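Welcome! Have the sequence and the 3D view ready, and work through the exercises below at your own pace.

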Amino acid sequence: MARTLLDAVAARRSDDAEQAVAGALNARIHARAADRNDLEAEALYHLASLAHDRGDVEDAFALAAESVDLADRADTDASRLTYAWSTHLLGIVHLQSGNHPVALEHCRRALETYRAASSRPVDEGRMLHTIAAVYQSMGDHDRAIETYEHALAVNETVGRRDVEVAVLGNLARLYTRSGDVDAAIEAGRRAADRAADDAPQLEGSILSDLAEAYSAAGDDLAGAHYLSRARNALADDATPTDRLLMSVAASRLALEREQFTVAIEELVRALDLCDRVDDRRVELEVHDLLAVAYRRAGRFDEALRHREHHAAIDREITTDASSLRIRALELAHAHELDRVRREVTELRTSALSASFAQAHHDPDAYHLEAFERLAALAEYRGGNTTAHTAEVGDLSAEIAHAIGRRPQWCEQLRLAARLHDIGKVAVADSVLLKPGPLTLQDYADIKQHTVLGRRLLSGVSTPMFELAAEVAWTHHEWWDGSGYPNGLAGEHIPLSGRIVAIADVFDSLSTRRIYKREWTRNEAARFVTSGAGSQFDPSLVMAFTQVIALRS
């Protein structure tokens with residue numbers, strides 16, 4: 001029964017989403033009653049995909065994560081395909097929330113699993129397409145282009161013309177943004193030739209992009225021709241999104257021709273459509289173009305107004321992306337905890353391993369591994385290794401021992417300090433990986449990692465995690481009160497934060513980063529010593545120098 005229902009869901013998904021959801025829910029009930037993890041996992045994947053289609057990202061993530069877990073336990077050829085599809089969907093959600101390294105990890109794992117489970121690469125091109133989009137979002141255009149071209153080559157063997165059109169369209173857009181207009185025109189024309197028959201929903205945007213490519217190449221006549229075709233391709237019932245993208249493309253063409261009045265008219269129309277579409281990134285682009293158009297038309301007050309709107313929306317997008325990134329990580333962590341608890345319960349119930357049950361009696365064991373993975377991810381995203389988090393933990397514990405703290409507290413601090421920068425997983429890659437100087441807004445975004453770290457860790461009510469949340473929140477406070485996020489001073493800063501502040505700065509200086517050279521240990525130690533009384537607690541600096549001397 002479940003199999004029949006799932007086949008019906010797959011057949012009606014694009015035509016009747018509500019019926020598809022009802023069918024998938026019914027299939028899940030029948031699959032669970034029959035104890036078929038493989039079929040229940042497939043039902044969950046359909047529910048996750050349908051939730052994603054309607055914009056419910058949190059439901060999509062939670063359902064896809066549950067599908068992955070069930071498919072992994074089923075361990076059949078069919079369930080491995082479901083595992084690949086659901087893992088790919090998790091990668092897409094992470095991409096949308098700005099977790100680019102995590103998105104890349106999920107998409108690669110999905111592709112590897114899919115290749116091992118499928119004899120025909122029907123969906124391989126689609127997965128490669130997503131991986132290319134991740135590279136593009138990370139600014140690695142060379143790898144993005146290489147992966148898009150790989151997706152095209154794979155797709156030729158299976159004839160997924162809709163995927164081919166989407167890949168070619170993205171390639172054309174990427175080539176245009178990279179300045180390779182000849183390649184953009186070639187890819188755009190190939191996409192346009194196929195779009196009407198194989199992906200009519202993409203035809204308008206592809207022709208608009210092709211018009212922009214010709215305009216960038218200086219061929220205004222061809223640009224106007226393809227823009228006209230793009231307008232004609234829009235049906236009477238075209239979505240506001242299609243009309244919005246058309247207006248943006250028309251404005252770019254007008255700007256290339258220095259037709260500033262026409263460009264402004266198109267962009268004002270686009271701005272009105274933004275309210276209906278609710279796409280903040282396109283709205284950001286529209287305000288940017290309006291600022292350019294008004295400035296070039298000599299209307300500087302209006303240009304300034306739209307530049308201010310642009311800055312405000314950019315801040316909102318960064319905040320929203322951080323919130324979504326945090327939520328995705330919270331959901332992933334909650335799912336991991338559920339999995340660990342279930343495994344421990346199964347082991348206890350079946351009495352397979354009394355020693356394992358005893359080892360995991362401590363509630364911290366349910367959480368520490370998952371949080372350390374997030375902390376490691378924050379370091380990898382910043383171009384570092386996990387050695388930094390481990391070293392900060394070890395040095396913090398040694399300083400705590402040196403001032404006579406109880407051994408149990410020192411060992412708790414060793415673990416807690418490893419999580420000090422966990423909040424950086426919610427900082428945008430564009431800021432965290434920036435090789436040049438930070439702007440004031442960049443610096444404000446970076447400082448939020450202390451607040452976000454506390455938020456991530458405070459959900460676990462054990463002494464060690466309470467200490468970790470305290471460390472994450474206070475390790476950038478300064479002894480003289482000039483630190484952040486709360487401007488605490490002296491002994492108003494918790495001891496844990498004062499200790500980790502020293503360990504973090506010392507090891508950060510001793511480690512090569514994207515934005516600085518590696519300092520010698522002596523140079524780093526002298527810097528810490530010079531900060532006694534201003535940045536650091538003087539008594540802790542004395543303990544630090546004793547620890548470093550003993551290490552030497």
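Here are five short exercises, each followed by a worked solution.

Before you start, note that this is a predicted model, where local features need pLDDT of at least 70, side-chain atom pairs count only at pLDDT 80 or more, and totals for chains, interfaces and linings use all residues. Residues are numbered from 1 along each chain as its sequence is written, and side-chain values use heavy atoms, with hydrogens and water left out.

**Exercise 1. Find the salt-bridge partner of Glu124 and say how accessible the two residues are.**

Step 1: A salt bridge is a side-chain nitrogen of Lys or Arg within 4 Å of a carboxyl oxygen of Asp or Glu. By this rule, the model has 34 salt bridges.
Step 2: Glu124 pairs with Arg115, and their closest N and O atoms are 2.9 Å apart.
Step 3: Buried means under 20% relative accessible area, exposed over 50%, and partly exposed in between (1.4 Å probe, protein chains only). Glu124 is buried because its relative accessibility is 10%, while Arg115, at 40%, counts as partly exposed.

**Exercise 2. Work out which parts of the chain are tied together by the salt bridges Glu258 to Arg296 and Arg551 to Glu398.**

Step 1: Helices are DSSP runs (H or I, at least four residues), and strands are too (E, at least two), numbered from the N terminus.
Step 2: Glu258 and Arg296 meet at 3.9 Å, N to O. Glu258 sits in the loop between helix H13 (240-256) and helix H14 (260-277), and Arg296 in helix H15 (residues 280-296), so this pair ties together parts 38 residues apart in sequence. Glu258 is exposed at 54%, and Arg296 is partly exposed at 35%.
Step 3: The N to O distance between Arg551 and Glu398 is 2.8 Å. Arg551 belongs to helix H26 (residues 538-551) and Glu398 to helix H19 (residues 387-402), so the parts tied together are 153 residues apart in sequence. Both are partly exposed: Arg551 has a relative accessible area of 35% and Glu398 one of 28%.

**Exercise 3. Describe the surroundings of Ser79 in helix H5.**

Step 1: Locate Ser79 in helix H5, which covers residues 77-96. Its relative accessibility is 0%, so Ser79 counts as buried.
Step 2: Look for polar contacts (pairs of N or O atoms within 3.5 Å; within protein, one must be able to donate a hydrogen and the other to accept it, and residues adjacent in sequence count only if both atoms are side-chain atoms). A polar atom of the Ser79 side chain lies 3.3 Å from the backbone oxygen of Ala71, and one lies 2.7 Å from the backbone nitrogen of Thr76.
Step 3: Contact means heavy atoms within 4.5 Å. Leaving aside neighbours within four places in sequence, Ser79 touches Asp38, Ala71 and Ala74.

**Exercise 4. Identify the residues that touch the most other members of the largest nonpolar core.**

Step 1: A nonpolar core is a set of buried Ala, Val, Leu, Ile, Met, Phe, Trp, Tyr and Cys residues joined through side-chain atoms within 4.5 Å.
Step 2: The largest has 52 residues, and Tyr148, Val167, Leu171, Tyr175 and Leu227 touch the most other members. Helix H9 (residues 161-178) gives the most to this core, with eight residues.
Step 3: A second, separate core of 41 residues includes Ala469, Val471, Val528 and Leu540.

**Exercise 5. Place Trp519 in the chain and list its contacts beyond four places in sequence.**

Step 1: Trp519 lies in the loop between helix H24 (495-509) and helix H25 (521-530).
Step 2: With a relative accessible area of 25%, Trp519 is partly exposed.
Step 3: Leaving aside neighbours within four places in sequence, Trp519 is in contact with Leu509, Ser510, Ala524 and Phe527.
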